[in-house]
Amino acid sequence: MKRWTNIKNIYVKLTDKYIYTYSDKVKKYDSKYIKNGTVDNVFKLIDYLNKILEKNIFKIKYTFILDTLLSNSDLFTFKYVFESMGLINYKIINDLDIIKNHVTDNNIIIMNWSSSINYCFKLKDEIVVNKYNTNVINSLDKDYILMIGDTNISTKIKKPIYKYEHEELVIFNYL
């Protein structure tokens, strides 16, 4: 049996508003059939993803990036979608899997997606992830905030907020 040597890695970030794909550049598609970070209509999402994603399932490895605080039933539903699409070479990760090396004792990272807004920070040697709360973020003893995502957040945050220079790469800046 011949092994495929030129496997192309494609990262896919799924949100309520957009579906981002990244291999050598970012492509952005309008998102459909995802609401509040979860699958709204399984069969329609399968059809839609089959239309926008490349089809060579043996030469492409997909990495799907999902929201950090999804429940097990939501993850099960997404796995069902990907397997029903006929994908055999894929994995599911979340935002935190990508950014955990960028969380320091001095910062907060806000993952501000249209599907959910969460923040994370380091507490002792552990990374804490919570749903977005301006009051809590302002009360944390951190120097600055890094943002990754596609939506705006409250202007009531009192700490300096930084975004990547190449903001159109959203989470893919961290790869």
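These legends accompany several close-up views of a predicted model.

**View 1. The largest nonpolar core and the elements that build it.** Welcome to the largest nonpolar core, which holds 24 residues. Leu-14, Leu-49, Tyr-62, Phe-64, Phe-78, Val-81 and Phe-82 are the ones that touch the most other members. Two or more residues each come from strand E1 (8–14), helix H1 (42–52), strand E6 (60–66) and helix H2 (72–84). The top contributor is H1, which supplies six residues.

**View 2. Phe-78 and its neighbours.** Let us zoom in on Phe-78, one of the core residues that touch the most other members. Leaving aside residues up to four places away in sequence, Phe-78 is in contact with Leu-14, Ile-34, Gly-37, Thr-38, Val-39, Leu-45, Leu-66 and Leu-70. Another core lies apart from the largest one and has 20 residues. Ile-65, Ile-98, Ile-109 and Phe-172 are among the members of this other core.

**View 3. Helix H2 and its two faces.** Here the helix that carries Phe-78 takes the stage. H2 is 13 residues long and spans 18 Å from its first C-alpha to its last, close to the 18 Å expected at 1.5 Å a residue. Its buried residues are Asp-74, Phe-78, Val-81 and Phe-82. These four lie on the same side of H2 because they cover an arc of only 95° around the axis. Turned away from that buried side is a face with the exposed residues Asn-72, Phe-76 and Glu-83.

**View 4. What H2 packs against, and what follows it.** Which elements do the buried residues of H2 pack against? Their partners are E1, strand E4 (34–35), strand E5 (38–39), H1, E6 and strand E7 (90–94). After H2 comes Gly-86, and the phi of Gly-86 is positive, near 90°.

**View 5. Strand E11 between its pairing partners.** Our last stop is strand E11, which covers residues 144–149. Is E11 mostly covered or mostly open? Five of the six residues in E11 are buried, so by the cut-off of under 20% relative accessible area the strand is mostly covered. With strand E8 (residues 107–112), E11 pairs in the parallel sense over six bridges. Within this pairing, Asn-107 has Tyr-144 of E11 as its bridge partner. E11 also runs parallel to strand E12 (residues 161–163), and three bridges join the two. There, Leu-146 stands opposite Tyr-162 in E12.

How values were computed
Residues are numbered from 1 along each chain as its sequence is written. This is a predicted model: local features need pLDDT of at least 70, side-chain atom pairs count only at pLDDT 80 or more; totals for chains, interfaces and linings use all residues. Side-chain values use heavy atoms; hydrogens and water are left out. A nonpolar core is a set of buried Ala, Val, Leu, Ile, Met, Phe, Trp, Tyr and Cys residues joined through side-chain atoms within 4.5 Å. Buried means under 20% relative accessible area, exposed over 50%, partly exposed in between (1.4 Å probe, protein chains only). Contact means heavy atoms within 4.5 Å. Two strands pair if DSSP finds at least two bridges between them. The expected span of a helix is 1.5 Å times one less than its number of residues. The arc is that of the directions from the helix axis to the C-beta atoms.
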